[in-house]
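Work through the exercises below with the sequence and the model side by side. Each task is followed by its solution in steps.

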Amino acid sequence: MSIFEQLSSYDHEQIMFCRDDAVGLKAIIAVHNTTLGPALGGTRMLDYPSEADAVRDVLRLSRGMTYKAAVAGLDIGGGKAVIIGDPAMKTEAMFRSFGRFVDSLGGRYVTAEDMNTTVEDMGNIRRETRWVTGSEAAHGGSGDPSPVTAWGAFHGIRACLEVTYGSPDVSGRTVAIQGVGHVGWWLAKYLHEQGAKLLYADVSGKRLSRAMEAFGGSVLEGDEFYRAEADVLAPCAIGGIINPRTIPMLRAPIIAGGANNQLDDEKRDGEALATRGINYAPDYVINAGGLINVYSELKGYGRDKAMLDAANIFDTVKRVINKAKVEGTTTVMAANRVAEERIATVHHLKRVWLAPR
Ligand code: NAD
C-alpha cells in the first residue's frame with residue numbers, strides 16, 4: 001500500500017518525515033485528526049525493523065490518540081511521532097533537532113513522553129519548541145502521570161461495579177490487580193482506602209512485597225489471576241493478556257484496569273467477552289487519566305484539576321457500557337462510536353462568524 005493509500009485508509013490529515021543526518025535523526029510525525037484541537041501524542045523511539053513498520057506504527061498510534069482524546073471529552077486531536085533508531089544512541093542534538101521539526105508545525109502537533117523517551121528528552125525538545133508536554137513537576141510540568149491514570153481507572157472500576165451490581169461502592173469488593181508497578185500500586189492504594197479486598201499478580205517479588213506491606217491482601221501465582229474469584233480483574237501490566245487462551249478461565253464479571261492493549265484482538269476478544277457477559281471497560285477509555293494529565297499541562301497545570309477531570313472517567317465508562325448494551329455491540333465498538341459521534345458533531349457545527357479572539 002502506498003503512503004497516501006495508508007493515510008486514506010486510516011483517514012489521516014498529515015504525515016511529516018523529518019531528517020537531519022548530522023545528528024542521526026530519522027523521525028515521522030503523524031497528525032491524524034485535529035477537528036477537536038491540536039494533535040497531542042507522545043514520541044516513541046524504537047529501532048524498527050523497517051521504515052514501513054515505523055510508518056504503520058505511527059499511523060496506528062496517532063489514530064488511537066484521536067479516539068482516546070475524543071471519548072475522554074478533551075479538546076485535542078490525535079497525533080504521534082516515532083524516532084527510528086536505537087534508544088541507546090539518543091543525544092541532546094537529536095531531540096533538539098526533532099524539536100525544531102515539531103515547532104515547524106506551529107502547534108498542530110504537541111508532543112509528550114512515550115516508550116523509550118524521558119523527561120530529559122522532553123527537556124531537550126523544549127529548548128526548541130513550546131509544543132511539548134511532560135516536564136518535571138518541579139518545573140511546573142505534570143510529572144508522573146500514574147497517580148492520575150490510576151485515579152481514572154479507580155473511577156472506571158466504580159462505574160463497572162454500578163452497572164454490574166447496582167452500586168459503585170468498592171468496599172468489600174475483591175479486585176485482582178495484575179502488575180503493581182506505577183499504575184497498579186496507586187490503584188491498589190485508592191481501592192484499599194475505600195475498603196476493597198486486594199489480590200495481586202506480578203512477576204516482580206519486590207513489587208508484590210511492597211504492595212502487600214502497604215495494603216495487605218494476597219498473591220496470585222501464574223494463571224490464578226485469570227481464574228480469580230474476584231469482582232474485578234484489573235490488568236495493569238502488559239498488553240494482549242485477554243485472548244482465546246485466557247478468556248475460558250475468567251470468572252470475574254468485570255475487567256477494568258489501566259494497561260494498554262489488553263485485548264489480543266479487539267474484535268475477536270471483545271466479542272468473546274460480550275458473549276460471556278463480562279463487562280469490559282475499554283482500555284483506552286479507562287486509562288485516559290495519563291492523557292488528561294498532560295492535557296492539563298497545556299492549560300496551566302494543576303494536579304487537583306487533573307484528578308477531578310480523571311474522575312469523569314466514571315461517567316464515560318458507564319456511558320460506553322450502557323451504549324454497548326443498547327446497541328448490541330462490544331464496549332470497544334461502543335467507545336469508538338462515542339468518539340466518532342463527538343468528532344462528527346463538532347465537525348458539523350454551524351459555521352457562524354466569530355470575532356477574532
Ligand atoms: P510499570 O512498569 O511501572 O508497572 C508494570 C508492572 O507490571 C511491574 O510491576 C511489572 O513487574 C509487572 N509485570 C510485567 N509483566 C508482567 C506479567 N507478565 N505479569 C504480571 N505482572 C507483570 O508500568 P506502569 O507505568 O504502571 O504501566 C502499566 C500499564 O499501564 C502499561 O500497559 C502502560 O502502557 C499502561 N498505562 C500507563 C500509564 C501511566 O500513567 N503510567 C498511562 C496509561 C497506560
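## Exercise 1: a hairpin

In β2, A27 stands opposite C18. The model is predicted, so local features need pLDDT of at least 70 and side-chain atom pairs count only at pLDDT 80 or more, while totals for chains, interfaces and linings use all residues. Residues are numbered from 1 along each chain as its sequence is written, and side-chain values use heavy atoms, with hydrogens and water left out.

Task: describe how β1 and β2 pair and what joins them.

Step 1. Strands and helices are DSSP runs numbered from the N terminus, with E over at least two residues for a strand and H or I over at least four for a helix. β1 covers 14-20, and β2 covers residues 25-33.

Step 2. Two strands pair if DSSP finds at least two bridges between them. β1 and β2 have seven bridges, in the antiparallel sense.

Step 3. The two strands form a hairpin with four residues between them. In the turn, G24 has a positive phi of about 75°.

## Exercise 2: the open sheet

Task: give the strand order of the six-stranded open sheet, then place β8, β9 and α7.

Step 1. The order is β9-β8-β7-β10-β11-β12, with parallel pairing. β9 (218-219) and β12 (279-280) are the edge strands, each pairing on one side only.

Step 2. β8 (residues 197-201) runs parallel to β9 and is joined to it by two bridges. Y200 has V219 of β9 as its bridge partner.

Step 3. Across β8 and β9 lies helix α7 (residues 205-215), at about 170° to β8. Such angles run from 0 to 180 degrees between N-to-C directions, with axes fitted to C-alpha atoms, for helices over the stretch in contact.

## Exercise 3: the second largest pocket

Task: state the volume of the second largest pocket and the make-up of its lining.

Step 1. A pocket is an open set of points on a 1 Å grid over the protein atoms alone, where a 1.4 Å probe fits, with protein on both sides within 12 Å along at least five of seven lines; lining residues have an atom within 4 Å of a point. The second largest pocket holds about 270 Å³.

Step 2. It is lined by 18 residues, and Q178, A201, D202, V203 and A237 are the closest to its centre.

Step 3. The lining has ten nonpolar, five polar and three charged residues. Asp, Glu, Lys and Arg count as charged; Ala, Val, Leu, Ile, Met, Phe, Trp, Tyr, Cys and Pro as nonpolar; the others, Gly among them, as polar.

## Exercise 4: loop residues

Task: locate D11, N261 and T118, and decide for each whether it is buried, partly exposed or exposed.

Step 1. The cut-offs in relative accessible area are under 20% for buried and over 50% for exposed, with partly exposed in between (1.4 Å probe, protein chains only).

Step 2. D11 lies in the loop between α1 (3-10) and β1. Its phi is near 65°, positive in a residue other than glycine. D11 counts as exposed because its relative accessibility is 56%.

Step 3. N261 lies in the loop between β11 (254-255) and α9 (266-275). Its phi is positive, about 50°, although N261 is not a glycine. At 52%, N261 is exposed.

Step 4. T118 lies in the loop between β6 (109-110) and α4 (119-126). With 32% relative accessibility, T118 is partly exposed. Leaving aside residues up to four places away in sequence, T118 touches K90 and E113, where contact means heavy atoms within 4.5 Å.

Technical notes. Points joined across faces, edges and corners; volume = space filled by probe spheres on them.
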